[in-house]
Each structure stands twice: as structure tokens, then as C-alpha cells.
Amino acid sequence: MSGTTLGLVAFGILLLMLVVRIHIGVAMFLAATGIYMVLNHGELNALLFTLNNLVYARLSNYDLAVIPLFILMGQFATHGGLSKALFHAAGTLIGHFRGGLAYAATAACAAFGAICGSSLATAATMGQVALPELTRRNYSGRLATGTLAAGGTLGILIPPSVPLVIYAVLTQESIGKLFVAAVIPGIVAALGYMAVIRIIVTFDPKAGPASERVSIKEMLKAQVGILPVLLVFLVVIVGIYGGWANPTEAASIGAAACGIIAVVSGGMRFKDLKQSIFGTAIATAMIFMVLIGADLLNSALALTQMPTELANWVKNSGMPPVGVLFTIIAIYVLLGCVMDSLAMILLTIPIFYPVVLGLDFYGMSIEDKSIWFGIVALMVVEIGLVHPPVGMNLYVINKIAKDVPLKETAMGVLPFLASDFIRILVLVFFPPLALWLVHVTG
């Protein structure tokens, strides 16, 4: 058996393990172990030596400290009541329009994503905050749950984003530049979702009835209440890209600031603090376990030469670069049926990244292609969070909206998926959407 064939067989077995719901970290570890044992005729010495070095090299990486810090920041925001303040502030501004509370939920998801970095956390938190209000205002179950499931995906698109940090670590790219590159696409995503809501309520006014208008005084008070959240976002993003703080330092400041805001606002109690710390520890352990499994699998695949052979095959296939990219996008959409966003990033970037960098896209430099592809990959991975049959955000929201059938939630998210695909097409054919702000601030 050739190395490439072995790599493809191992990859196929890995996908089968994911289909039967074996944890992604364990599945990657088992697939890598199989490759090492076949290549070394059953000897384990090479595997153990590699594993020993990989674990130390990965967990001693200072940049990875940013992951638990961003998760902690999101936990403080969740348990400190900041999500309620964000939804209330958006609701006082635009809730009196038809579909206004759905607009507000989308805006609140985007704002919460700016201090969270996780789509599942954004969907779960904003679902608990916004769904009761949407139900009370007689919004259709399809529009309410579809909006929140799709809006939750803004958690990984609006920086800071944990999958973007993972992409940066895997590709040795600048975390700050990736965060800046994601800002405009993230805003476009939120505006696209609002456009979808507008179209829905235009054709079906009963789906999103308008709420009563609040006083100017109440509206201004609500906006003042979210200024600390905006300040945290600016400190993290401007601090990283301005050069006066590295990502880990900026994340530390952001986490501390969110904790202080949560305590001062009265939303954080000892029980909430304990839940935040435990939640951070559990999520971090899961991510690090998957990282180690991915490192071992990537090391094993490198021995088989499969990624190199695949890259050479693509270069010699005669397929246009955009055709290759759309093939990669299609693979991501299919993988979204069997695995979550983090698993897709870890599993595919070591294979697809060298392929993309070896092709010519509009005469872009290597660095521009690296940043642009990171945002494209993030957007496509985001789709996997809401499209059936896995669509983790669908299940998160459906668990909260127990009176809305899962089928209704899935139907409700379809128009938002159309917006996602349009946005991806624009980004593929117009890279400045992601690169313009990086060039201007650079």
C-alpha cells in the first residue's frame, strides 16, 4: 500500500468514526496511531516519541493561552448578564419596526460575539435571553428560532474568534491581522441576516409584529449601559493590532474587564463565578485534546506524503484556481454534516492550506492569500453550524424553544443560509472585502 493510499484509507476511517459519534480528538488519535503502526510494522516507539514531543510543543505554546482567556471572557459575559443588556439596548433602538426584535436579536448576537468567540455560547446565551421576548411578542417560531440559530454563528465570525486563533496557530499567521480581516465580513454577515428578516416580514407581516416605541430617555439609558462592552471590544482588537499588547495580554485585559463589569453590574455572584471557571476549564480541555489529536494526525499524514501528493495533483490537474476553491468549499459543506467547526478547521487546514497557497488568485501575495483563505474557511465552517443534519446551533436553539419542532427551526434557517452563500461568493470574487481593512490599518 502506498503512503497516499494509506493516508486516504485512514482519513476515510476517521470520517466513519465521526459518523458514529466518536469524539473528534479520540478519532484523530486512533487514525494517526493506525498510520504509525502500519508504517512502522507494528512498532510503537516512533509513535510514542512523536506524541511525547508534540504534546510538549503544543501545550508550551504561549499563544494558546489566548484560547482559555477568550472563553473566560465569554463566560463572564454570559453569567454576568451582559447579554441581556445588549439585547435590551438593541431592542430600544429598533424594536418598534416590523421584525424589530429579530433585528435586535441579530445585532445582540453580533455584539455578544465581539466578547465571546464561540458560536454555540452565543446561540445558547442569546437564545435564553431573546427567545422568551420574541415568543411573548407573537413572533413566528420559524422566524424566531431561525434568526437565533443563524445569529449565533456570528460568535465565531465577529472577532475575537476561537477558530481564527486555531487557524492562526496552525498556519503561523498573525492573530491580529486575521481579527481585523474578519471585522467587515462579520458586519456584512449581520447586515445580510437583517436583510433576510426584512424580506420575511415584508411577505409575512404576522411573522414579526412591531413592538411599542420606548421613550428617548429609556433608549439613551440602554445605550449607555452597553458602553463598557464596546470598550472591552476596542481594547482587545485595537490593543492587538495597535501593537501595545500581544493577543494573550489583550485577552487577559478583556477577560478581567468583563469580570469586573459583570460584578459591578450586579449580575455576577459566586455561583456564576464558579460556573464561569468550570465552563472555561471544560471547554479548554476539550479544545486542547482536539489540538493534540490533530497534531498527531497531521504528523502521520505528513509521513504518508498524502498532503504533498494532493497539492501536486491539484497543481497539475489543470483545474482553474477558483474551481479548486469551490471544490474545497463543497467539501467543507459536506463535512459540516458530520463534524463541528473546530474539528473541520483542525482536520482540513493542514491539507487545504498548502494547496491554496500554491495557486494564483488574482495576483495576491502569499500573506494576503493566507488571510483571505482563513476568512473564507471560517465563513464556510460557520454554515456547518446551522445546516442539517448536524447543525449544532439548530439543536441548541431547539432545546431552548421546546414548543417549536426541529423541522420548523431548520426551515427557518434556510433563508439565512442563502445569505451566507451569497456572502461567500462575494468574498471569493472580491477579496478586498476581507483584506481592505488589513491593508489600511497596516
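This passage describes the overall fold, surface, charge and cysteines of a predicted model.

The protein chain contains 22 helices, and its strand count is zero. Its radius of gyration comes to 22 Å, close to the 22 Å given by the globule rule for 442 residues, so the chain is as compact as a globular protein of that length. Measures along the principal axes add to this picture: the C-alpha trace spans about 75 × 45 × 45 Å.

How are the contacts of the protein chain distributed along the sequence? Among contacts between residues at least 6 apart in sequence, 80% join residues at least 24 apart. As for burial, 54% of the 442 residues count as buried.

Turning to the surface, the protein chain exposes about 18500 Å². Carbon and sulfur atoms supply 70% of this exposed area. Charge can be described in similar terms: there are 22 positive and 19 negative side chains in the protein chain. The centres of these two sets lie 13 Å apart.

The cysteines round off the description. A disulfide is a covalent bond between the sulfur atoms of two cysteines. With a cut-off of 2.5 Å between cysteine sulfur atoms, the count of disulfides comes to zero. Are C109 and C258 buried or exposed? C109 has a relative accessibility of 0% and therefore counts as buried, the limit being under 20%. C258, at 1% relative accessibility, falls under the 20% limit too, so this cysteine also counts as buried.

Notes:
Residues numbered from 1 in each chain as written. Heavy atoms only, no water. Helix = DSSP H or I, 4+ residues; strand = E, 2+ residues; numbered from the N terminus. Rg over C-alpha atoms; globule rule 2.2 N^0.38 Å. Buried < 20%, exposed > 50% of the residue type's maximum accessible area, 1.4 Å probe, protein only. Contact = heavy atoms within 4.5 Å. Areas by Shrake-Rupley, 256 points an atom, 1.4 Å probe, with all protein chains shown as cover. Lys, Arg positive; Asp, Glu negative; His and termini not counted. Charge placed at Lys NZ, Arg CZ, Asp CG, Glu CD.
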